Amino acid sequence: MEFKVRAYRFNPETDEKPYYKEYTVEDYPGMTVLNALIKIKSELDGTLSFRRSCRSAICGSCAMKINGITKLACKTQVSLEIDKFGIINVEPLANMPVIRDLIVDQEVFFDKIKAIKPYLLGQREDDAHNRFKTLKEGEKISQPVYDKSEFKNLTGNEDTPNCILCECCYSECGGVVGNKDYLGPAALAKLYRYAEDPRDNDKNGSRLVNGSMPNGFWDCVHCQACEQFCPKGISPVKSIVRLHEKSIKNSITFSPGSKHVVSIARSIGETGRLDEIKVAFESGGVTGLLNDLPVAFGAGLKGKIPPLRLKLIKDMEDIRLAYKELDLEDKL
Amino acid sequence: MLKHDVVIVGAGLAGLRAAVELRKKGIDAVIVSKVYPTRSHSGAAQGGVNAAFDENDSWESHFFDTVKGSDYLGDQDAIEILTSEAPGNILELQSMGVVFNRNDKGGIAQRPFGGQSFPRSCYYADAVGHMMLHGLFDNVLKYKTKIMYEYFVTSLLTDNGKVSGVVAYDIKNGKFEGVAAKAVLFATGGYGQVYSSNTNALINTGDGMAISINAGVPLMDMEFVQFHPTTLKSTGILVTEGARGEGAYLLNSLGVRFMSKYAPKAMELAPRDVVARAEQTEINEGRGVDGAILLDIRHLGKERIMERLPQIMQLSIDFEGVNPIHEPIPIRPGAHYSMGGIKTDYNGRTVIEGYYSAGESACVSVHGANRLGGNSLLDTVVFGRRAGIDIAEYLKSAEGDRKFDESAIKRDEEKFEKLKKSAGKERHGLLKSELQEEMRAGVGVFREENAMKKALEKIGELKERAKNIGIDDKSKTFNTDIVEAFEFNNILLIAEVITRGAILRKESRGAHYRTDFPERDDSNWLKHTLATLDGNGNVKFDFSEVAITKFKPQPRTY
């Protein structure tokens, strides 16, 4: 069966603006979108440019938009796309500048990976096993003992060490759309991976402090796109939420985002209701409050005026029980 | 022109491990790679990395298993280093941040692997290569290493018998760059793209080996190509040996575990050469299932499959349309690994002063005629590390006054420009497919003189046609068309070296099996082949001794 591939084309040397070019390709059972692109390149048009390497969904080179959705071309079956869309539309990833055709500039993405210090900080003093040794005849080596549970969030199929840095999540991230300096899901998932590592020797909590800064994990907009579009079934947003929990547990609550969470928890714990004025004040201080004024004014015009004094709700006992269950009694 | 003390070409495990060693000492080492480091093919390694940790295991047992696995062609002094340094290397990696699964005692979990007499393959589910690659990459970032990524190296330069640097093509903008250095390490990986149906990435085109033989450095034992017994039938994508390590069965069309016929003791966990031949025999004798063998893991149960083999479960679903929890996986042998490579000693040194190689591109030789599963990742870190240390030592005494021949930059640039201007009608992508198919048919699992000579004729024909390659892409920005054309030249040269070596070696040893010479012949062939090019570009061969220290050659049965 023949099908059509409609490819985004742009060469900065010759094109003023991007355009689309159509190719007709002969299908075979099991053909992937990457196979189709390779066939076009080797038989029809050698100028079509894209990255590729492993063709088995582990190197992360061939991420692109296929019929509007960010995917790895190597693990996307042509037949499924054709059944659904009747054509294969291929476009470069979003949130990064296009160099040529389907190739984007990844520099910013990897700069953000570097920015979170993706390695163990320091060396644990009790770790005598970091020194290399050549064994003599009959000699054995002893190894450090770590309980399985210490690595429980690092050894599951869907845990963040399985991330292949393919940039699918970054391309779909709503947070990056709104703020190009936001670190993005992959870098923050990596931050979590090291914050969670039992061997990390981050004595003063610098990881969580740095991650709480502007553009860090409090800037996630919780759109869940990173989880939805991850080709490896990883949920970066879950790592981000765990970072929120971890930093609040460690009393790293200087950022507006964390103050917001703490304030909401306190408000609900005290009255069972959300005290919006207080939450706005406690999250952002006077400046925050002033910044929120236009929104508040707009809400007021529509008749949404928060009460100045909140009454306790009837079922406060349920709230108390829930907080006890969640270990949040100090917020009552 | 750029200037650094050390240039590391290739950013897979061996290159990154060497880089960490050098950067840790503050040495000015730069990494040059044709892809971003995390795209390197080391990341596709799935099943395990071997080291003897258990109190009932010993590195000496690992040593012997590896010698026997190599069919006695491995150099025993080097294998002793590989195995006695294995546990120390793994613990060092662990302390750098690499995560391994744990056993119940809190140590590193280990699974059985082919040809190993003890379960000694350390793993991270079925993605240990990925874990190690990213762990080492993170360390390279920690030591603030300069990475020139998406640069394609075109030449290795020497001055007065000493290495002086490399020439590299910047794929992003089409500019050529000279990088002068006192030491150069090639960790450029293998050449799986020589064959159709291979487990390798599209980037594995033997570039480093081709550049080396062109620069006068011998390639050793190139006729030994590993065919992995379990690769997905349709795509050749790897299914880890760890599946058999966890207890998978190999079944023929009669539903019989046929390995009992070929390796009654080791069964499915015989070494790869033995299993690949057994499978091919079953298929050839009509007991295959649509040209494939079945790998059955259903009896392991869903929970264990999800915990230990999640990646291969997903790969089987995505690429073969088979859910291994419910159905057996159709597999067949596919080209996987190069036992041969750039001849080095056990510190990574080659015949050119200051020029090193490590990892799959190198031949130390620790794998001899057949590599055991779980020994390649080990090879990359042990010898990547050793090369790093040796380079650091070498720099202390290396003279800095060698000349970098800048005309080489111009020469490579002209080669590229000439190809852009060529009016030739041959398409390199199509020539590559023809070569791959011929190599699979003629120089595959089973080999025989006439078929190999036919392959050689085909290679000769392709060499002629390659002179008429024309490319569509004339631009400078990310021109992958031109890079692929030069990669094709590299695999074509490597294919010729493999084929000529295979015709020359008139015996069967390890992965090199000749139906016309089915026995191992220690009196004539217990020796390494060394391929070089003569003045006219013809491949010629020399031989060198195998280092035999502890274990005298014995018949090899499993």
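In this predicted model, helix α10 (residues 256-271) of chain A packs against helix α11 (residues 276-301) of chain A at an angle of about 145°, and the two axes lie 6 Å apart. On the side of α10(A), the contact is made by A:P256, A:K259, A:H260, A:S263, A:I264 and A:S267, which meet A:K278, A:V279, A:E282, A:S283, A:G284 and A:G288 in α11(A). The residues of this contact comprise three nonpolar, six polar and three charged ones.

The contact between the two chains draws 53 residues from chain A and 56 residues from chain B. Within the side of chain A that touches chain B, α1 (33-44) and β6 (98-100) each supply at least two residues, and the largest share, three residues, comes from α1(A). By residue class, that side of chain A divides into 19 nonpolar, 18 polar and 16 charged residues.

In chain B, strand β16 (residues 329-338) is largely enclosed by the rest of the structure, because ten of its ten residues are buried. Two strands of chain B that pair with β16(B) are set out below.

| Strand paired with β16(B) | Sense | Bridges | One bridge pair |
|---|---|---|---|
| β13(B), residues 225-232 | antiparallel | six bridges | B:Q226 with B:Y337 |
| β15(B), residues 293-296 | antiparallel | three bridges | B:I293 with B:I331 |

Strand β13(B) is thus joined to β16(B) over six bridges, with B:Y337 as the bridge partner of B:Q226, while β15(B) runs antiparallel to β16(B) and is joined to that strand by three bridges, B:I293 standing opposite B:I331.

Some backbone features in loops also deserve description. In chain B, the peptide bond that joins B:V364 and B:S365 is cis, with omega about 5°, and B:S365 belongs to the loop between β19 (362-363) and α12 (375-397) of that chain.

In chain A, A:D101 has a positive phi, near 45°, in a residue other than glycine, and A:D101 is found in the loop between β6 and β7 (103-104) of chain A. Since 26 other C-beta atoms lie within 10 Å of A:D101, and a residue is buried at 20 or more, A:D101 is buried. A:E167, likewise not a glycine, has a positive phi of about 80° and sits in the loop between α3 (107-115) and α4 (168-172) of chain A. A:E167 also counts as buried, because it has 25 C-beta neighbours inside 10 Å.

Conventions. Residues numbered from 1 in each chain as written. Chains lettered and ligands numbered in written order. Predicted model: local features only at pLDDT ≥ 70, side-chain atom pairs only at ≥ 80, totals over all residues. Axes fitted to C-alpha atoms, helices over the stretch in contact; angles between N-to-C directions. Helix = DSSP H or I, 4+ residues; strand = E, 2+ residues; numbered from the N terminus. Contact = placed C-beta atoms within 7 Å. Nonpolar A, V, L, I, M, F, W, Y, C, P; charged D, E, K, R; others polar. Buried ≥ 20, exposed ≤ 12 C-beta atoms within 10 Å, placed from the backbone. Pairing = 2+ DSSP bridges.
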